[in-house]
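Let's take a walk through this one together, starting with the cysteines and then working through the overall build and a few spots inside. Keep the model open as you read.

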Amino acid sequence: MNIDIQLLPNQPDLDSIFDKTVVVIDVLRATSVIVHAFSQGVKEVIPVRTVEEALSKFKEFPEGEVLLGGERDSRMIEGFHLGNSPKEYTYDKIRGKRLILKTTNGTRAFYLVSSARRVIVGSFLNISAVVEECLRNGSDILIFPAGDEGSFSLEDSVCGGMLIDLIIKRKERLCLTDSALAALLIYQRFEENLVGALHLSRHGKELIDLGATEDILFCGQTDIINVVPFFCNGIIKL
């Protein structure tokens with residue numbers, strides 16, 4: 001098994017990923033929200049790249065069947081039902097609903113890797129479940145941090161490094177790229193203080209300034225949710 005991580009969120013060569021499992025990670029906060037939403041009974045998540053696309057999709061469904069969620073510049077979008085804080089996605093609000101989600105980095109990332117054999121949703125929250133799925137599937141892995149508006153993201157890379165570390169502990173004969181090795185070393189630096197990495201990151205500091213420290217604490221939890229959502233044909237499902 002070969003493991004790679006793309007530390008900058010540029011679209012990979014389509015031919016290079018068609019037979020791989022790609023794990024999309026946006027710790028703060030899109031993939032954490034998605035994983036949590038499925039634990040609270042959401043029916044499916046439709047990631048979109050723009051507000052206009054979200055509003056257009058919303059009109060395709062009967063009233064009361066779908067919710068609009070997400071953020072623009074880390075703030076709730078006017079006219080949307082929910083923002084991008086996991087605590088908003090509660091059982092009583094989202095059970096049985098479809099969710100159309102628009103975020104700055106995470107929802108875009110799914111379309112950059114949509115040609116892969118399998119695209120799954122990763123976070124600290126479901127990290128062990130993602131490990132099990134990667135091992136069960138057995139194909140080569142590309143970890144795809146969503147990044148920070150096109151730049152390197154510390155928190156996503158630490159999460160990717162943790163995924164690599166856990167796979168190494170379970171499987172022999174792995175081949176890591178230099179990028180994967182770098183992510184592993186970054187994770188090992190923060191292994192005893194994952195939330196500290198989230199606080200140090202640029203986006204983490206931005207959320208703290210916006211009063212969203214609780215989101216950082218929530219998204220830094222490990223192994224509290226045992227689901228692995230999959231992205232296929234524009235929809236994320238279990």
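How many disulfides does the structure hold? It holds 0 disulfides, where a disulfide is a pair of cysteine sulfur atoms within 2.5 Å. Take Cys134: it is in no disulfide, and the nearest cysteine sulfur, that of Cys159, is 11 Å away. Cys134 counts as buried because its relative accessibility is 1%; buried means under 20% relative accessible area, exposed means over 50%, and partly exposed is in between (1.4 Å probe, protein chains only). Cys175 can't bond either, because its sulfur is 16 Å from the closest cysteine sulfur, in Cys134, and that is too far. With a relative accessible area of 44%, Cys175 is partly exposed.

A quick word on ground rules. This is a predicted model, so local features need pLDDT of at least 70 and side-chain atom pairs count only at pLDDT 80 or more, while totals for chains, interfaces and linings use all residues. Residues are numbered from 1 along each chain as its sequence is written, and side-chain values use heavy atoms, with hydrogens and water left out.

Now zoom out. The protein has 11 helices and 10 strands; these are DSSP runs numbered from the N terminus, with helices being H or I over at least four residues and strands E over at least two. Along its principal axes, the C-alpha trace spans about 50 × 35 × 30 Å. The radius of gyration is 17 Å, which agrees with the value near 18 Å for a compact globule of 238 residues; it is taken over C-alpha atoms, and the globule rule is 2.2 Å times the number of residues to the power 0.38. Buried residues make up 54% of the 238. Of the contacts (heavy atoms within 4.5 Å) with a separation of 6 or more, 77% are between residues 24 or more positions apart. The protein exposes about 10600 Å², and carbon and sulfur atoms supply 48% of that; the areas come from the Shrake-Rupley method with a 1.4 Å probe, and for residues only the protein chains shown count as cover.

Next stop, strand 3 (residues 44-48). Here 5 of the 5 residues are buried, so the strand is largely enclosed by the rest of the structure. Both of its faces are covered, with Glu44, Ile46 and Val48 on one side and Val45 and Pro47 on the other. Strand 3 pairs with strand 5 (residues 98-102) in the parallel sense over 5 bridges; two strands pair if DSSP finds at least two bridges between them. Look for Val45 standing opposite Leu99 in strand 5.

Those two strands also share a charged link. Side chains of opposite charge can pair when their charged atoms come close. Glu44 forms a salt bridge with Arg98, their closest N and O atoms being 2.7 Å apart. Glu44 is in strand 3 and Arg98 in strand 5, so the pair ties together parts that are 54 residues apart in sequence. Both residues are buried. A salt bridge here is a side-chain nitrogen of Lys or Arg within 4 Å of a carboxyl oxygen of Asp or Glu, and the structure holds 12 of them. Glu44 and Arg98 also belong to a network of salt bridges with Glu65 and Lys237.

Then there's helix 6 (residues 127-137). Which of its residues are buried? They are Ile127, Ala129, Val130, Val131, Glu133, Cys134 and Asn137, and they pack against strand 2 (21-25), strand 6 (118-122), strand 7 (141-145), helix 7 (154-168) and strand 9 (230-232). Glu133 meets Arg136 in a salt bridge (2.8 Å, N to O); both lie in helix 6, 3 residues apart, about one turn of the helix. Glu133 is buried at 11% relative accessibility, whereas Arg136 is exposed at 58%. Glu132, partly exposed at 39%, has a salt bridge of its own with Arg170 (2.5 Å, N to O). That pair links distant parts of the chain, with Arg170 in the loop between helix 7 and strand 8 (175-176) and Glu132 in helix 6, 38 residues apart. Just after the helix comes Gly138, whose phi is positive, near 80°.

One last residue: His36, in helix 2 (residues 30-39). His36 counts as buried because its relative accessibility is 11%. Leaving aside neighbours within four places in sequence, His36 is in contact with Pro86, Tyr89, Leu125, Phe218 and Ile225.
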